[in-house]
Amino acid sequence: MSGAIRYFDNNATTRVAPEVLEAMLPFLQDQYGNASSMYRFAGRSQSALSKAREQVAALLGTSPEEIIFTSCGTESDSTAIYSALNARPEKKHFITTRVEHPAVLAIGQHLEKQGYAVSYLSVDGKGRVSLDEFAKLLNKETALVSMMFANNETGNIFPVAEAGALCRERGVPFHVDAVQAVGKIPIDLSMLPIDYLAVSGHKLHAPKGVGALYVRRGAPFRPFLRGGHQERGRRAGTEAVPNIVALGTACELAGRHIQEENTRVRALRDSLQSGLMASIADAVINGDQNNRLPNTVNISFKYVEGEAILLMLDQFGICASSGSACTSGSLEPSHVLRAMGVPFTYAHGSLRFSLSRYNTQEEVDFVVEHLPEIISRLREISPYCGFSDDAGESDVCPVSR
Ligand SMILES: Cc1ncc(COP(=O)(O)O)c(C=O)c1O
């Protein structure tokens with residue numbers, strides 16, 4: 001085993017880019033002024049915030065006044081959703097999809113307990129939503145729609161332009177969780193009918209602990225955090241200047257690298273996918289191969305457990321992610337794969353590889369060299385091998401029966 005780390009889990013989090021670290025360091029060292037203070041020393045923090053706001057806005061094709069800094073993607077999602085709902089308390093219908101990140105799904109569940117009607121848009125076998133079904137869900141009680149730009153597990157890109165246009169027609173505010181999409185695919189908010197959009201720093205080579213929320217000028221807004229007047233009264237709390245500088249720099253870098261993301265990184269992902277598919281039998285790709293993020297591939301290997309594969313990959317220093325979470329003794333496949341109807345003999349053995357501009361062909365070749373052997377060793381000892389998934393048992397796990 002070599003000590004090197006081969007990191008293929010960039011949808012979970014990313015390394016901080018060296019340029020980002022360099023930009024934020026002065027604000028952790030000598031330039032520690034509170035951006036709200038009056039003296040010139042603090043003025044440097046204020047200017048840094050303004051510059052970062054411009055950098056984020058530039059990546060998203062919007063204006064700086066429409067950007068609010070937050071602590072993470074989850075906070076941005078919560079702020080947008082509760083803000084829009086609180087602005088129209090008489091409306092009690094919320095629409096989202098079955099495959100959202102828990103940052104949105106958990107709000108849906110909470111809202112149900114609060115007396116809201118919540119509609120969860122279903123997906124087909126490739127993880128795609130139907131716009132016809134979506135249009136039917138919209139009604140005069142609908143207070144808000146929340147749809148992700150791209151799915152964190154499969155990389156599927158959602159039809160947010162079309163869904164947003166339908167919302168606009170009906171006068172329904174539209175929130176987009178773009179945590180996985182920002183920096184990976186171009187987003188131009190000047191062209192998109194989106195009212196709120198969530199961003200997370202640590203998914204695009206800024207550190208953990210910073211995010212942003214786009215609020216379209218004129219969109220209803222109620223602050224989630226109340227207190228001081230920071231962020232023009234829209235998000236109280238002393239600004240995390242180093243992190244915000246980092247996010248701004250990361251957004252500027254992402255803008256510069258977005259073409260590489262869609263050419264070189266995409267080619268690496270495709271090389272990984274074809275290398276694995278050519279050398280491992282009984283494997284299927286989850287998601288819509290014609291419309292997904294350039295860095296993501298999700299593959300299911302029949303009859304094996306994702307966690308077991310991850311442990312063995314870890315022996316080689318390979319970091320990836322599995323689609324199932326082993327909780328309280330029952331192996332629950334991911335809610336995304338379940339919503340797609342992936343049979344359990346496949347869903348339990350799903351792996352997500354998510355690349356970044358720091359990955360190399362050598363790393364891809366290393367995975368393609370070692371993973372086939374790992375899968376065949378696991379299949380030799382698999383209790384699932386030979387278990388049929390043909391009889392409508394897609395949601396049933398043999399372990400829990
Ligand atoms: C689609 C999506 N939304 C929201 C989040 C939450 O972002 P954060 O970790 O910054 O709170 C994630 C994180 O994985 C995500 O993938």
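**Notebook: two helix pairs and a ligand site**

I began with helix α9 (residues 306-315) and helix α12 (residues 361-380), whose axes come within 10 Å and cross at roughly 135°. The model is a predicted one. Angles over 145 degrees would count as roughly antiparallel, so I entered α9 and α12 as oblique to each other. I noted the handedness of this crossing as right-handed.

Next I listed the residues at that contact. From α9 I have A308, I309, M312 and L313; they meet L371, I374, I375, R377 and L378 of α12. Sorted by class, I get eight nonpolar residues, one charged and no polar.

I then turned to the ligand. Which residues come nearest to the ligand? I found 14 residues around it, with T74, D177, Q180, S200 and K203 the nearest. For T74, I noted a polar side-chain atom 2.6 Å from a ligand oxygen atom. For D177, the partner is a nitrogen atom of the ligand, 2.6 Å from an N or O atom of the side chain. I also looked up H202, where a side-chain N or O atom lies 2.9 Å from an oxygen atom of the ligand.

T74 led me to a second helix pair. Helix α3 (residues 73-87) packs with helix α4 (residues 102-113) at about 35°, their axes 9 Å apart. I recorded this crossing of α3 and α4 as right-handed. On the α3 side I listed T74, D77, S78, I81, Y82 and L85, and on the α4 side A103, V104, I107, H110 and L111. My class tally for the contact is seven nonpolar, three polar and one charged residues.

Note on methods:
Residues numbered from 1 in each chain as written. Predicted model: local features only at pLDDT ≥ 70, side-chain atom pairs only at ≥ 80, totals over all residues. Heavy atoms only, no water. Axes fitted to C-alpha atoms, helices over the stretch in contact; angles between N-to-C directions. Helix = DSSP H or I, 4+ residues; strand = E, 2+ residues; numbered from the N terminus. Parallel < 35°, antiparallel > 145°, perpendicular 65-115°, else oblique. Left-handed = near helix turned anticlockwise from the far one by under 90°. Contact = heavy atoms within 4.5 Å. Nonpolar A, V, L, I, M, F, W, Y, C, P; charged D, E, K, R; others polar. Near = heavy atom within 4 Å. Polar contact = N/O pair within 3.5 Å; in protein donor to acceptor, adjacent residues only side chain to side chain.
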